[in-house]
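Reader: I would like a close look at a single part of this chain, followed outward to whatever surrounds it. Could you take me through it slowly, in connected prose?

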Amino acid sequence: QVHLVESGGGLVQPGGSLRLSCAASGSIFRFYAMGWYRQAPGKQRELVATITSGGSTNYADSLKGRFTISRDNAKKTVYLQMNTLKPEDTAVYYCHVEGRSFWGQGTQVTVSS
């Protein structure tokens, strides 16, 4: 069992930045690929980015260059740095253990002036 807790969401103006964190419990974190997903109101949950246990990354095409996923295995934490935020980035952001059914509770990101 893996317990995931996201943090770092909030209200930010367009063009601003936020860094999300996802802290994981358990000793197996370093063996799993991790992902960030988001779900906007009335829309399906979508992939934002993934990172393998070795640090290889993958991004949704529309987010490349603005978002950066990273991980610290010693802290059992995965991060999502979000820059140049746009109103369309408004969503609940979720952390996920790839290939498993473990999800965090989500953190709200609202981009608005």
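Author: What follows starts from one residue, Leu20, and moves outward through its strand, the two sheets, the disulfide and a group of aromatic rings. The model is a predicted one, and every value below is computed from it.

Leu20 belongs to strand S3, which spans residues 18-24. Its relative accessibility is 0%, and therefore Leu20 counts as buried, the limit for that word being under 20%. Setting aside the neighbours within four places in sequence, Leu20 is in contact with Ser7, Gly8, Gly9, Trp36, Val78, Tyr79, Leu80, Met82, Tyr93, Thr107 and Val109. Several of these names come back below, so the list is worth keeping at hand when you turn the model. For a sense of distance, Leu20 and Lys76 lie 56 residues apart in sequence, while their C-alpha atoms are 14 Å apart in space.

The strand that carries Leu20 is part of an open sheet of four strands, arranged in the order S1-S3-S8-S7 with antiparallel pairing. At the edges of this sheet are strand S1 (4-7) and strand S7 (67-72), each of which pairs on one side only. From one strand to the next, the twist averages 15 degrees. As general background, strands of a sheet pair through backbone hydrogen bonds, in either a parallel or an antiparallel manner.

Within this sheet, S3 and S8 run antiparallel and are joined by six bridges, and Ser21 is the residue that stands opposite Tyr79 in S8. On the other flank, six bridges join S7 to strand S8 (residues 77-82), again with the two strands antiparallel. Two positions of S7 can be followed across to S8: Phe67 stands opposite Met82, and Ile69 has Leu80 as its bridge partner. Tyr79, Leu80 and Met82 are also among the contacts of Leu20. Strand S8 is largely enclosed by the rest of the structure, because five of its six residues are buried. S7 and S8 together form a hairpin with four residues between them, and Lys76, which lies in the turn, has a positive phi of about 55 degrees.

Strand S3 also holds one end of a covalent link. The structure has one disulfide, and it joins Cys22 to Cys95 with an S to S distance of 2.1 Å. The torsion about this S-S bond is about -85 degrees, so the disulfide is left-handed. Distant parts of the chain are linked by this pair, since Cys22 sits in strand S3 and Cys95 in strand S9, 73 residues apart. Both Cys22 and Cys95 are buried.

Strand S9 leads to the other sheet, an open one of six strands with the order S2-S10-S9-S4-S5-S6 and mixed pairing. Its edge strands are strand S2 (10-12) and strand S6 (57-59), each pairing on one side only. Neighbouring strands here are turned against each other by 25 degrees on average, with direction ignored. Strand S4 is joined to strand S5 (residues 46-51) by five bridges, and the two run antiparallel; along this pairing, the bridge partner of Trp36 is Ala49 in S5. Trp36 has appeared already, as one of the residues in contact with Leu20.

Next to Trp36 in sequence comes Tyr37, and with Tyr37 the view turns to the aromatic rings. There are two aromatic pairs by the rule used here. Tyr37 and Trp103 make an edge-to-face pair, 5.2 Å from centre to centre and with 65 degrees between the planes. Because Tyr37 lies in strand S4 (residues 34-39) and Trp103 in the loop between strand S9 (91-97) and strand S10 (107-111), the pair ties together parts that are 66 residues apart in sequence. Tyr37 counts as buried at 14% relative accessibility, whereas Trp103, with a relative accessible area of 35%, is partly exposed. Tyr94 and Trp103 form an edge-to-face pair as well, with 6.4 Å between centres and 85 degrees between the planes. Tyr94 is buried, at 13% relative accessibility. Through these ring pairs, Tyr37, Tyr94 and Trp103 are linked into a cluster.

Arg45 brings a charge to this cluster: its charged end sits over the ring of Tyr94, 3.8 Å from the centre, and also over the ring of Trp103, 4.6 Å from the centre.

Definitions and conventions: Residues numbered from 1 in each chain as written. Predicted model: local features only at pLDDT ≥ 70, side-chain atom pairs only at ≥ 80, totals over all residues. Heavy atoms only, no water. Buried < 20%, exposed > 50% of the residue type's maximum accessible area, 1.4 Å probe, protein only. Contact = heavy atoms within 4.5 Å. Pairing = 2+ DSSP bridges. Axes fitted to C-alpha atoms, helices over the stretch in contact; angles between N-to-C directions. Phe/Tyr/Trp six-rings, centres within 6.5 Å; stacked < 30°, edge-to-face > 60°. Lys NZ or Arg CZ within 6 Å of the ring centre and 35° of its normal. Disulfide = S-S within 2.5 Å.
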